[in-house]
Amino acid sequence: SSSDAADQFARRMTQLSAMLQNREIPAFVSTSERADLPVLDIEACPYPNLTDASDDRTMCRLEEKMLSEALGKDVHLNSCRLDGDSCCQFSSAEPDA
(Lines give C-alpha, C1' and ligand atoms only; values in the text may rest on other atoms or scores of the structure.)
Protein backbone atom coordinates (compact mmCIF):
# COMPACT_ATOMS: atom_id res chain seq x y z
CA SER A 1 0.00 0.00 0.00
CA SER A 2 1.05 3.61 -0.41
CA SER A 3 1.36 4.15 3.35
CA ASP A 4 3.78 1.20 3.58
CA ALA A 5 5.85 2.71 0.76
CA ALA A 6 5.79 6.11 2.48
CA ASP A 7 6.86 4.52 5.78
CA GLN A 8 9.70 2.66 4.06
CA PHE A 9 10.84 5.88 2.33
CA ALA A 10 10.79 7.75 5.67
CA ARG A 11 12.79 4.95 7.34
CA ARG A 12 15.36 4.97 4.55
CA MET A 13 15.64 8.75 4.79
CA THR A 14 16.22 8.51 8.56
CA GLN A 15 18.89 5.83 8.05
CA LEU A 16 20.57 7.96 5.39
CA SER A 17 20.64 11.01 7.68
CA ALA A 18 22.27 8.87 10.39
CA MET A 19 24.91 7.67 7.92
CA LEU A 20 25.66 11.28 6.92
CA GLN A 21 25.89 12.30 10.58
CA ASN A 22 28.37 9.46 11.16
CA ARG A 23 30.52 11.15 8.50
CA GLU A 24 30.18 14.44 10.44
CA ILE A 25 27.77 15.92 7.88
CA PRO A 26 24.85 17.51 9.75
CA ALA A 27 21.71 16.00 8.22
CA PHE A 28 18.22 15.83 9.66
CA VAL A 29 14.83 14.53 8.60
CA SER A 30 11.86 16.84 9.02
CA THR A 31 8.36 17.02 7.59
CA SER A 32 7.49 19.17 4.60
CA GLU A 33 5.09 22.02 5.28
CA ARG A 34 3.37 21.48 1.93
CA ALA A 35 2.62 17.81 2.44
CA ASP A 36 3.05 15.25 5.14
CA LEU A 37 6.25 14.00 3.54
CA PRO A 38 9.71 13.58 4.99
CA VAL A 39 12.41 15.94 3.77
CA LEU A 40 16.15 15.60 4.25
CA ASP A 41 17.98 18.76 5.36
CA ILE A 42 21.75 18.69 4.87
CA GLU A 43 23.29 21.65 6.66
CA ALA A 44 26.84 21.32 5.33
CA CYS A 45 27.92 20.39 1.85
CA PRO A 46 29.49 16.91 1.73
CA TYR A 47 31.80 18.28 -0.99
CA PRO A 48 32.87 21.75 0.23
CA ASN A 49 36.13 21.76 -1.74
CA LEU A 50 34.18 21.16 -4.94
CA THR A 51 31.39 23.71 -4.40
CA ASP A 52 32.97 26.58 -2.45
CA ALA A 53 34.99 27.85 -5.42
CA SER A 54 32.13 28.12 -7.89
CA ASP A 55 28.39 28.12 -8.42
CA ASP A 56 28.68 24.92 -10.43
CA ARG A 57 25.69 22.68 -9.71
CA THR A 58 27.27 19.45 -10.98
CA MET A 59 27.78 18.15 -7.42
CA CYS A 60 24.22 19.14 -6.49
CA ARG A 61 22.84 17.09 -9.38
CA LEU A 62 25.15 14.20 -8.50
CA GLU A 63 23.93 14.36 -4.88
CA GLU A 64 20.31 14.25 -6.10
CA LYS A 65 21.08 11.11 -8.12
CA MET A 66 23.02 9.47 -5.27
CA LEU A 67 20.28 10.17 -2.72
CA SER A 68 17.59 8.97 -5.15
CA GLU A 69 19.51 5.73 -5.63
CA ALA A 70 20.03 5.26 -1.89
CA LEU A 71 16.39 6.00 -1.07
CA GLY A 72 14.88 3.97 -3.92
CA LYS A 73 12.77 6.95 -5.04
CA ASP A 74 13.56 10.10 -7.00
CA VAL A 75 14.31 13.08 -4.79
CA HIS A 76 14.52 16.73 -5.76
CA LEU A 77 16.75 19.49 -4.40
CA ASN A 78 14.24 22.05 -3.07
CA SER A 79 16.67 24.51 -1.53
CA CYS A 80 20.42 24.88 -1.84
CA ARG A 81 23.17 26.48 0.23
CA LEU A 82 24.65 27.83 -3.02
CA ASP A 83 21.50 29.97 -3.30
CA GLY A 84 22.00 31.32 0.22
CA ASP A 85 19.54 28.90 1.86
CA SER A 86 20.37 27.60 5.33
CA CYS A 87 20.58 24.01 4.11
CA CYS A 88 20.31 21.80 1.07
CA GLN A 89 16.86 20.24 1.30
CA PHE A 90 15.83 17.14 -0.59
CA SER A 91 12.31 15.71 -0.82
CA SER A 92 10.47 13.11 -2.84
CA ALA A 93 10.11 14.18 -6.45
CA GLU A 94 6.88 12.27 -6.90
CA PRO A 95 3.82 11.91 -4.67
CA ASP A 96 3.06 8.48 -3.30
CA ALA A 97 0.57 6.68 -5.50
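## A walk through the sheet and its core

Start by selecting L40 and F90: F90, in β4, is the bridge partner of L40. Keep in mind throughout that this is a predicted model.

**Stop 1: both sides of β4.** Leave F90 on screen and add L77, whose bridge partner in β4 is also F90. Now widen the selection to whole strands. Strand β2 (residues 38-42) is joined to β4 by four bridges, and the two run antiparallel. Strand β3 (residues 75-79) is likewise joined to β4 by four bridges, again antiparallel.

**Stop 2: the whole sheet.** Select the four strands together; they make an open sheet in the order β1-β2-β4-β3, with antiparallel pairing. At the edges you will find β1 (27-31) and β3, each of which pairs on one side only. Look along the sheet to see its twist: neighbouring strands are turned by 30° against each other on average, direction ignored.

**Stop 3: the helices on the sheet.** Show α1 next, which lies across β1, β2, β3 and β4 and runs at about 10° to β2. Then add α3, which packs on the sheet and touches β2, β3 and β4. The direction of α3 makes about 135° with that of β3.

**Stop 4: how enclosed is β4?** Colour β4 (residues 88-92) by accessibility. Four of its five residues are buried, so the strand is largely enclosed by the rest of the structure.

**Stop 5: the core.** In soluble globular proteins, nonpolar side chains tend to be buried together. Here, the largest nonpolar core has 16 residues, and L20, L40, I42, L67 and F90 are those with the most contacts inside it. At least two residues come from each of α1 (2-22), β2, α3 (58-71), β3 and β4. The largest share, four residues, is supplied by α1.

**Stop 6: around I42.** Centre the view on I42 and display its surroundings. Leaving out residues up to four places away in sequence, I42 touches L20, L67 and F90, along with I25, P26, A27, E63, R81, C87 and C88. L20, L67 and F90 are familiar from the previous stop, where they were listed with I42 among the residues with the most contacts inside the core.

**Stop 7: a charge over a ring.** Finish with F9 and K73. The charged end of K73 sits over the ring of F9, 4.8 Å from the ring centre. If you go hunting for aromatic pairs as well, a search of the whole structure finds zero.

How values were computed. Residues numbered from 1 in each chain as written. Predicted model: local features only at pLDDT ≥ 70, side-chain atom pairs only at ≥ 80, totals over all residues. Heavy atoms only, no water. Buried < 20%, exposed > 50% of the residue type's maximum accessible area, 1.4 Å probe, protein only. Pairing = 2+ DSSP bridges. Core = buried A, V, L, I, M, F, W, Y, C linked by side-chain atoms within 4.5 Å. Contact = heavy atoms within 4.5 Å. Phe/Tyr/Trp six-rings, centres within 6.5 Å; stacked < 30°, edge-to-face > 60°. Lys NZ or Arg CZ within 6 Å of the ring centre and 35° of its normal. Axes fitted to C-alpha atoms, helices over the stretch in contact; angles between N-to-C directions.
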